[in-house]
Amino acid sequence: MLRSGKDYLASLRDGRRIRFGKELVGDVTTHPAFRRTAQSFARLYDLKRSPENIAAMSYEEGGELYSAWFKAPQSKTDLQHRAEAHRRVAQWSCGLLGRSMDHVPSFIAGMSMKPELFEANCPGFGRNVINYLDYLRKGDLFACYLVLTPQTSRGVAGPTKANFRMVGEYDGGIIVSGQKMLGASAVFSDEAWIGSMIPLGPDQVEEAVTFAVPINAPGVELWVRKSFELNATSRVDNYFSSQFDETDAVMIFSDVKVPWERVFCHRDIPLMRDMYFKTPGHVLGNHQSNWRFSEKLKIINGISHQAAEYGNLLGIPAVQQTLGRLAAGEATLLGLLSAQVDQCQSLPSGHVHVNNRYLYAALQWCAHSYHEIAEEVRLLLGAGPFIMPADDSILEEGEAHDVFEQNWKITSATASKRYRFVRMAWDLLSSDFAGRHQQYERFYGGPPHIMDLYSFWHAPWLERREGVRRILDDMMSDPLSHAAE
Ligand SMILES: Cc1cc2nc3c(=O)[nH]c(=O)nc-3n(C[C@H](O)[C@H](O)[C@H](O)COP(=O)(O)OP(=O)(O)OC[C@H]3O[C@@H](n4cnc5c(N)ncnc54)[C@H](O)[C@@H]3O)c2cc1C
């Protein structure tokens with residue numbers, strides 16, 4: 001089934017408990033902190049089932065259509081199809097909805113390709129993963145994930161009271177309490193995948209549980225950060241923050257009952273991490289992240305060129321060099337994305353996944369480059385954002401507007417167009433919303449130091465050492481030959 005935007009919005013009115021400051025939000029589809037972003041997600045549901053997109057965004061099985069990201073890929077063609085679906089979702093949301101509905105199912109699709117890993121923990125858990133993916137795809141559901149324990153409960157100090165943990169079991173499953181972080185898009189999701197991607201210590205066995213719950217499960221509450229959408233005054237002044245504020249939330253569990261069929265790991269500390277890294281889960285999930293980044297980068301690069309033009313800077317060689325660096329970065333990422341699919345890897349099960357090395361190289365490049373890219377483009381804007389009038393009321397016809405048009409116009413743009421451009425650039429690259437994106441790009445795949453380690457772990461070091469060994473052997477074969485000549 002391919003859900004409509006209307007059905008999606010209706011599903012959000014399900015009694016979920018969203019805490020916004022001290023307020024308990026009744027309906028995220030009408031609340032001023034969330035409603036326009038809810039509409040943006042709904043629009044994605046409508047776009048993907050529209051006649052011009054439906055073939056690129058879905059696949060058929062048993063006479064039914066499903067969203068492309070629910071398929072566990074079995075060929076390069078499947079991967080190409082999946083990649084194009086990610087790219088379109090990212091394009092429609094300007095690369096600003098990091099945890100769009102194609103993110104978490106990609107992790108779970110990857111995990112479903114190695115059910116034996118879960119079966120080793122408990123017979124039936126592999127089947128639970130496959131069934132859960134099937135449940136999501138049949139309802140075309142939106143899942144988020146919270147796979148970190150709060151910072152306060154890590155390390156030698158051991159678990160704290162607020163720490164997430166299993167507090168008991170009942171006939172039908174487990175009972176959990178405590179906090180999990182950090183649920184981007186959780187407010188807009190149907191379901192949450194709960195686990196831990198960071199290693200747990202041997203004393204944390206009560207935290208070693210991975211499971212899924214509906215967002216409106218009894219005992220679940222989401223505590224949301226400050227809203228950018230709420231403070232977005234207009235579509236012109238806040239084009240992005242007014243409609244793409246996916247939100248971040250801490251989830252609090254109070255004696256929540258989770259049935260066994262939604263449990264995927266139970267008191268197994270290694271499996272908590274292995275399910276991401278010893279299956280294609282992490283690489284398939286982050287393939288979506290790379291596509292999302294590339295679509296955002298295309299917009300940023302467009303802004304850089306237009307800023308240079310509006311500033312009359314395009315002819316300056318140093319500025320051309322800056323634009324060249326930005327263009328080279330975009331091409332590097334697009335090349336890595338192509339290589340991820342072209343050089344895909346196979347599993348004995350007959351499944352395929354994107355190439356690990358190119359995925360992790362791209363992830364590392366994105367996490368390390370974003371703040372530099374944003375800074376380069378902000379530099380190109382110069383004082384541009386600060387010479388504009390206070391707000392978009394200046395675009396309304398009248399005396400002030402006429403003075404504005406006469407004095408702020410440039411050869412290539414009216415003052416109004418220039419105003420809209422500068423506001424767009426500011427919202428994306430310098431606002432409060434932009435600050436969240438800088439932090440997000442740094443952390444979405446884990447902390448920055450881990451980004452380098454992924455590539456360390458996946459590089460063919462023995463092959464590289466072999467090249468060095470051949471040279472060293474060659475030196476030894478006739479050490480004095482040059483000296484004798
Ligand atoms: C906007 C945003 C959205 C997010 N969305 C989600 C989501 O949807 N789901 C989810 O589960 N998580 C999400 N996260 C959480 C994200 O995965 C974590 O932020 C990330 O894993 C880092 O964990 P941390 O924030 O606890 O930082 P920490 O691990 O506490 O790290 C803090 C700083 O210390 C440094 N540091 C720590 N240890 C070392 C070390 N050994 N060597 C060198 N430096 C070190 C780190 O590099 C970092 O700079 C999101 C985060 C952000 C910022």
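Trainee: Before we start, where do the domain bounds come from?
Mentor: Nobody has to draw them by eye here. Domain bounds come from an automatic or database domain assignment.

Trainee: Okay, so how far apart are the centres of domain 1 and domain 2?
Mentor: Keep in mind that this is a predicted model. The assignment gives residues 5–277 as domain 1 and 281–465 as domain 2. Taking the centres over C-alpha atoms, the separation is 25 Å.

Trainee: How many residues does each domain bring to the contact?
Mentor: Let's take the two sides in turn. Domain 1 puts in 38 residues, and for domain 2 the number is 37.

Trainee: Which helix gives the largest share of the side of domain 1 that touches domain 2?
Mentor: Three helices each supply at least two residues there: helix 8 (269–277), helix 5 (104–111) and helix 4 (76–92). With eight residues, the largest share belongs to helix 4.

Trainee: And by class, how many residues on that side of domain 1 are nonpolar?
Mentor: Sort them by class. Five are charged and 14 are polar, while the nonpolar ones number 19.

Trainee: Which helix gives the most to the largest nonpolar core?
Mentor: That core has 125 residues, and Ala143, Ala186, Val187, Ala192 and Ala362 have the most contacts inside it. Both domain 1 and domain 2 contribute at least three residues each. The top contributor, giving 13 residues from the stretch 356–381, is helix 11.

Trainee: Which residues does Ala362 touch, leaving out those up to four places away in sequence?
Mentor: Ala362 is one of the core residues with the most contacts inside the core. Skipping those sequence neighbours, its partners are Leu333, Leu336, Leu337 and Asn290.

Note on methods
Residues numbered from 1 in each chain as written. Predicted model: local features only at pLDDT ≥ 70, side-chain atom pairs only at ≥ 80, totals over all residues. Contact = placed C-beta atoms within 7 Å. Helix = DSSP H or I, 4+ residues; strand = E, 2+ residues; numbered from the N terminus. Nonpolar A, V, L, I, M, F, W, Y, C, P; charged D, E, K, R; others polar. Core = buried A, V, L, I, M, F, W, Y, C linked by C-beta atoms within 7 Å. Buried ≥ 20, exposed ≤ 12 C-beta atoms within 10 Å, placed from the backbone.
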